[in-house]
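Q: I would like to learn how to read a protein model feature by feature. Where should I begin?

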Amino acid sequence: MAKKIDDQQLYKSVDISLLKRLLVFLKPYQTPVLFAVGLTLVSSALGPARPYLTKIAVDTFIVTKDESGLLFYILLILGLLILQGGVQYGLTYLMQWAGQKVLYDVRMKLFEHIQKLALRFYDTTPIGRLVTRVTNDVEVLNELFSSGVVMIVADVMLIIWIVIFMFMTSWKLAIATICVLPLLLIATAIFRKKVREAYRGIRTQVARMNSFLNEHISGITTVQLFSQEERQYRTFDRINQEHTDIQIKSIFYYAIFFPTVEMVSAIALAIILWYTARGIFTGEMTIGILIAFTQYTEMFFRPIRDLTEKYNTLQSAMA
C-alpha cells in the first residue's frame with residue numbers, strides 16, 4: 001500500500017517535468033507547430049462567428065424581407081465554412097506530419113538507448129517490457145504530438161471566442177449559459193481522477209501481458225518439457241482477465257461522463273429557451289438571438305468534452 005501511495009505522489013509531482021521532457025521532441029519541428037498554432041487561432045474564431053452572422057441575417061434581413069442583404073450574408077457564412085474547412089485541413093495535416101516525425105525520433109532515440117544498456121540490465125528486465133516501451137508506449141504519444149498540445153490551445157481559444165460572441169449577442173443569456181458550468185466542472189474533476197487511475201492500471205497490465213507472452217513463448221520448450229501448459233494457461237488467464245476488467249472500468253467512466261455532459265448541455269439549452277421565449281414575448285429578445293444561442297450552447301460544451309479527452313491523452317502519454 002505504501003508503495004502504491006508513493007507511486008501516486010511521484011506521478012503527480014512529475015507531471016510538469018514529464019510534459020517538458022515530451023515537448024522537447026517538438027523543438028526540431030517548431031516552425032510547422034507554430035504555424036499550426038496560428039491556424040488554430042484563426043479556426044477558433046471562425047466557428048463562433050457563424051451564429052453571430054446568422055443572428056444578423058435573421059433579425060436584419062429575414063424580418064425586413066431584404067433578399068439581397070440575406071443573400072450576401074448567406075454567401076458570407078458559406079465562405080466562412082469553406083475557409084474554416086481549408087484551415088482545419090492544413091491544421092490536421094501539419095500536426096499529423098509533425099507527430100509522425102516526432103514518433104520516429106523517439107523510437108530511434110529509445111532503441112539507441114536500449115543498445116547501450118549493460119548486460120545485467122537484461123538479466124533482470126523482461127524483454128516483453130522493453131518491446132512494449134518501443135512499440136505500445138511510443139504509439140500512445142502519437143495523439144499527444146499529432147493533436148494533443150495544439151488542440152488543447154484550440155479548444156481553450158474556442159471557448160474564449162464563444163464566450164466573447166455570447167456576451168456580444170446577449171450578456172444575460174451568456175450568464176445564464178455559464179451558470180451551469182459548476183456542475184460540469186465537478187463531473188469533469190471526478191471523471192479525470194478516475195480515468196487517470198484506469199490509464200495507469202491499463203499500462204501496467206499491458207506491460208505484464210507482453211512480458212509474460214515474450215518469456216513463455218520464447219521458453220516454450222521448457223514449458224512443454226515440464227508439462228506446465230495448463231498452469232501457464234491459468235496464469236495468463238488471470239493476467240488477461242485483470243486487463244479486461246480495468247479496460248471495462250475505463251469504459252464505464254466514459255459511459256457515465258459523456259451522458260452527464262449532454263444532460264448539463266440540455267439544462268443550459270432549456271434555460272436559454274425559457275429565458276429567450278419570455279424576452280421574445282416582451283420584445284426584449286429576437287428570434288435571431290434564440291437561434292444564435294442555440295448554436296452557441298452546442299458549440300460551448302463540445303470543446304469542454306474535447307479538453308477532457310485531451311487531458312486523458314496527456315495523462316496516458318505521461319504514464
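A: Begin with one helix. This is a predicted model, and helix α3 is a useful starting case. α3 has 33 residues and spans 47 Å from its first C-alpha to its last, close to the 48 Å expected at 1.5 Å a residue.

Q: Where does α3 bend, and by about how much?
A: The bend is at A49 and comes to about 25°. A proline, P51, follows within four residues.

Q: What does the secondary structure of the protein chain come to?
A: The count is 11 helices and zero strands. Reading from the N terminus, the order of elements is α-α-α-α-α-α-α-α-α-α-α.

Q: How do I read burial for the protein chain as a whole?
A: Burial is judged by relative accessible area, and buried means under 20%. Of the 319 residues in the protein chain, 39% count as buried. The accessible surface of the chain comes to about 18500 Å², and 66% of that belongs to carbon and sulfur atoms.

Q: What do the contacts say about residues far apart in sequence?
A: Take the contacts in the protein chain between residues at least 6 apart in sequence: 86% of them join residues at least 24 apart. One residue pair to look at is M168 and Y52, 116 residues apart along the chain, with C-alpha atoms separated by 8.7 Å. M168 lies in helix α6, residues 127-169, and is partly exposed, with a relative accessible area of 47%.

Q: Which two residues 35 residues apart along the chain have C-alpha atoms separated by 8.7 Å?
A: They are S265 and F300. S265 is placed in helix α10 and counts as buried at 13% relative accessibility. Leaving aside neighbours within four places in sequence, S265 is in contact with T297 and F301.

Q: How do I read a salt bridge?
A: Look for a side-chain nitrogen of Lys or Arg within 4 Å of a carboxyl oxygen of Asp or Glu. The structure holds five salt bridges. One of them joins K172 and E284, at 2.8 Å from N to O.

Q: Why does the pair K172 and E284 tie together parts that are 112 residues apart in sequence?
A: K172 lies in helix α7 (residues 171-178), whereas E284 lies in the loop between α10 (229-282) and α11 (287-318), so the pair ties together parts that are 112 residues apart in sequence. K172 is partly exposed, with a relative accessible area of 29%, and E284 is also partly exposed, with 46%.

Q: What separates R302 and E298 in helix α11?
A: They are four residues apart in helix α11, so about one helical turn separates them. R302 forms a salt bridge with E298, and the closest N and O atoms are 3.4 Å apart. R302 is partly exposed, with a relative accessible area of 38%.

Q: With which residue does K116 form a salt bridge?
A: The partner is E112, with the closest N and O atoms 3.4 Å apart. K116 is exposed, with a relative accessible area of 63%, while E112 is partly exposed, with 40%.

Q: What is the nearest side chain of opposite charge to K55, and how far away is it?
A: The nearest is D59, 4.2 Å away. A salt bridge needs a nitrogen and an oxygen within 4 Å, and K55 has no salt bridge although it is buried. K55 lies in helix α3, residues 30-62. Not counting residues up to four places away in sequence, K55 touches T60, T169, G288, I289 and A292.

Q: How do I read a backbone angle such as phi?
A: Check its sign, and check whether the residue is a glycine. Phi of K65 is near 60°, a positive value in a residue other than glycine. K65 is placed in the loop between α3 and α4 (67-115) and is exposed, with a relative accessible area of 72%.

Q: Where is S227 placed, and is S227 buried or exposed?
A: S227 is in the loop between α9 (220-225) and α10. At 56% relative accessibility, S227 counts as exposed. Its phi is positive, about 55°, although S227 is not a glycine.

Notes. Residues are numbered from 1 along each chain as its sequence is written. This is a predicted model: local features need pLDDT of at least 70, side-chain atom pairs count only at pLDDT 80 or more; totals for chains, interfaces and linings use all residues. Side-chain values use heavy atoms; hydrogens and water are left out. Helices (H or I, at least four residues) and strands (E, at least two) are DSSP runs, numbered from the N terminus. Buried means under 20% relative accessible area, exposed over 50%, partly exposed in between (1.4 Å probe, protein chains only). Lys and Arg count as positive and Asp and Glu as negative; His and the chain ends are not counted. Contact means heavy atoms within 4.5 Å. The expected span of a helix is 1.5 Å times one less than its number of residues. The bend at a residue is the angle between axes fitted to the seven residues ending there and the seven starting there. Accessible areas come from the Shrake-Rupley method with a 1.4 Å probe; for residues, only the protein chains shown count as cover.
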